[in-house]
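Let's walk through this structure together, one question at a time. Keep the sequence and the 3D view open as you read.

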Amino acid sequence: MLIASLKRLEATVVTETEALLSHRPFDQEAVNRRKSQSLLELSRLTRGLDPAEVAPDIADQLARLSRALARNQGVVSQHLRAVEEISEIVTQAIRDSESDGTYSGHPRG
């Protein structure tokens, strides 16, 4: 049951990562909901689990999930930086369009 839960979370994370990399539209709310459900399920399944006694197959799946999460984190961070840059450009464009140049030293022509 634990391995199945880990695989589901990995599949969700990989799906999100691939959608972001390929610029495909996807339902971010649904992905976030699946990730939250997986984390809740994992927290229940691992309650009382001794990390020193984790079976090798579970350790392998945890390593796979860890790699998928690291890749996802990098891709999501890149997208967030892009959104921030676009937001700054739009904000500046709005400021420039609303300004009459009085305080900037650059009158509108």
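Q: In which helix is Ile58 found?
A: Bear in mind that this is a predicted model. Find Ile58 in the view and follow the element it belongs to: that element is helix H3.

Q: Is Ile58 buried or exposed?
A: The cut-off for buried is under 20% relative accessible area. Ile58 has a relative accessibility of 17%, so it counts as buried.

Q: What separates the C-alpha atoms of Ile58 and Leu6?
A: Along the chain, these two residues are 52 residues apart. In space, Ile58 is in contact with Leu6, as well as with Leu2 and Ile3, leaving aside neighbours within four places in sequence. The separation of the C-alpha atoms of Ile58 and Leu6 is 8.6 Å.

Q: Which helix gives the most to the largest nonpolar core?
A: This core has eight residues, including Leu6, Leu42 and Ile58. Two elements give two or more residues to it: helix H3 (56–98) and helix H1 (2–22). The one that gives the most, with four residues, is H1.

Q: Is Ile86 buried or exposed?
A: Ile86 lies in helix H3, and it forms a nonpolar surface patch with Val90 and Ile94, with about 260 Å² of accessible area together. The cut-off for exposed is over 50%. Ile86 has a relative accessible area of 53%, so it is exposed.

Q: Where in the protein chain is confidence highest?
A: The chain averages a pLDDT of 91, and 91% of the residues score at least 70. Confidence is lowest in H3, at a mean of 95, while the highest value, 97, belongs to H1.

Terms used:
Residues numbered from 1 in each chain as written. Predicted model: local features only at pLDDT ≥ 70, side-chain atom pairs only at ≥ 80, totals over all residues. Heavy atoms only, no water. Core = buried A, V, L, I, M, F, W, Y, C linked by side-chain atoms within 4.5 Å. Buried < 20%, exposed > 50% of the residue type's maximum accessible area, 1.4 Å probe, protein only. Patch = residues over 30% accessible without salt bridge, like charges linked within 9 Å, V, L, I, M, F, W, Y side chains within 5 Å. Areas by Shrake-Rupley, 256 points an atom, 1.4 Å probe, with all protein chains shown as cover. Salt bridge = Lys/Arg side-chain N within 4 Å of Asp/Glu carboxyl O. pLDDT = per-residue confidence, 0-100. Contact = heavy atoms within 4.5 Å.
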